[in-house]
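Here is a brief report on one protein model. It covers sheets, a helix packing, selected side chains and backbone outliers.

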Amino acid sequence: MKILSIKIGKNSLFPEGFCIDLKNLARVSKNSAPHDNYQSAYKIKTGLYNQVLLCLTGINSTGKTTILQLIAGICNLVLMQRTTEVIAPILRKLQITNERSFKFEAEILQDKTVYLLESEIVKNKDEFVYKDEVLYKLPLSKYTKGNKVDDFKLYKSRTEEVNNPFFKSDESIARCLSSKAGVLVTYLDFFRELNKRHETPSID
């Protein structure tokens, strides 16, 4: 899986929000080596590539480190199927509460499909949970740098999983995109739930 772009909604540190676009229309040159893996690592499809280099510049205390922390946090949530605990420190820094939510969008490339994830996280007592999430999809063949939400087709929503006993409030629905990891997570959730319902008797 690859993340193609990340959009952060308005918050206390970034009143206008911001977007990190990791796509590039300029062609990535081929390496002269016999087995060229350089271009394949960055090529999304003909005419669309991942950025080879991305720079953040600005004076002190303008949010550069916070932006990097948010990018890393969202990568952990989406690509590594981590819980919201992984970004809890930065959410506290953004002063996220039950009324003041943290919203983000991420474009994700998986095989020949581009997914658009829209997520909203709030604070519930002492933990951060997903209030709402929607996942859209679009064939890579129809994907361009300027696609809008209306171009995508609804794939999955958080409300569909509300009665799933293995679905946790601090886990993203994006975990369904990784088949191998998804199978592993499903089995782990199964045994975790099984242990909750049926305590294993201790052996003396």
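Three strands form an open antiparallel sheet in the order E3-E5-E4. Strand E3 (23–24) and strand E4 (43–45) are the edge strands, and each pairs on one side only. E4 and E5 run antiparallel and are joined by 2 bridges. Lys43 has Tyr49 in E5 as its bridge partner. Strands here are DSSP runs of E with at least two residues, helices are runs of H or I with at least four, and numbering starts from the N terminus. Two strands pair if DSSP finds at least two bridges between them.

The model is predicted, so local features need pLDDT of at least 70 and side-chain atom pairs count only at pLDDT 80 or more, while totals for chains, interfaces and linings use all residues. Residues are numbered from 1 along each chain as its sequence is written, and side-chain values use heavy atoms, with hydrogens and water left out.

**The six-stranded sheet**

A second topic is the open sheet of 6 strands, ordered E2-E1-E6-E7-E8-E9 with antiparallel pairing. Strand E2 (18–21) and strand E9 (153–157) stand at its edges; each has a single partner strand, so one side of each lacks a neighbour in the sheet. On average, neighbouring strands of this sheet are turned by 20 degrees against each other, direction ignored. Axes are lines fitted to C-alpha atoms, for helices over the stretch in contact; angles run from 0 to 180 degrees between N-to-C directions.

The table lists pairings within this sheet.

| Strands | Sense | Bridges | A bridge pair |
|---|---|---|---|
| E1 and E2 | antiparallel | 4 bridges | Lys7 and Cys19 |
| E1 and E6 | antiparallel | 6 bridges | Lys7 and Glu105 |
| E7 and E8 | antiparallel | 12 bridges | Thr113 and Pro139 |

Lys7 thus appears with a partner in E2, Cys19, and with one in E6, Glu105. E7 spans residues 113–124 and E8 spans residues 127–139. E1 is mostly covered, with 5 of its 7 residues buried. Buried means under 20% relative accessible area, exposed means over 50%, and partly exposed lies in between (1.4 Å probe, protein chains only).

Helix H2 (residues 64–78) lies across strand E1 (2–8), E2, strand E6 (102–110), E7 and E8. H2 runs at about 125 degrees to E1.

**Ser119 and the aromatic pair**

Which side chain makes a polar contact with the side chain of Ser119? The partner is Glu133, at 2.8 Å. A polar contact is a pair of N or O atoms within 3.5 Å; within protein, one must be able to donate a hydrogen and the other to accept it, and residues adjacent in sequence count only if both atoms are side-chain atoms. Ser119 lies in strand E7. Its relative accessible area is 4%, so Ser119 is buried. Leaving out residues up to four places away in sequence, Ser119 touches Phe102, Lys103, Phe104, Tyr130, Asp132 and Glu133. Contact means heavy atoms within 4.5 Å.

Two of those neighbours are worth a closer look. Phe102 is buried at 2% relative accessible area. Phe104 also counts as buried, at 2% relative accessibility. The model holds 3 aromatic pairs. The rings of Phe102 and Phe104 have centres 5.9 Å apart and planes at 35 degrees, so this pair is tilted. Rings of Phe, Tyr and Trp (its six-membered ring) pair if their centres lie within 6.5 Å; planes under 30 degrees apart count as stacked, over 60 as edge-to-face and the rest as tilted.

**Asn147 in its loop**

Asn147 sits in the loop between E8 and E9. With 16% relative accessibility, Asn147 counts as buried. Its side chain makes a polar contact with the side chain of Asp151 (3.3 Å). A polar atom of the Asn147 side chain also lies 2.4 Å from the backbone nitrogen of Thr144. Beyond neighbours within four places in sequence, Asn147 is in contact with Leu138, Lys142 and Phe152.

**Positive phi values**

Most residues other than glycine have a negative phi. Ser61 has a positive phi, near 60 degrees. Ser61 is in the loop between strand E5 (48–50) and H2, and counts as exposed at 80% relative accessibility. Gln81 has a positive phi of about 55 degrees and is not a glycine. Gln81 is in the loop between H2 and helix H3 (88–93), and counts as buried at 16% relative accessibility.
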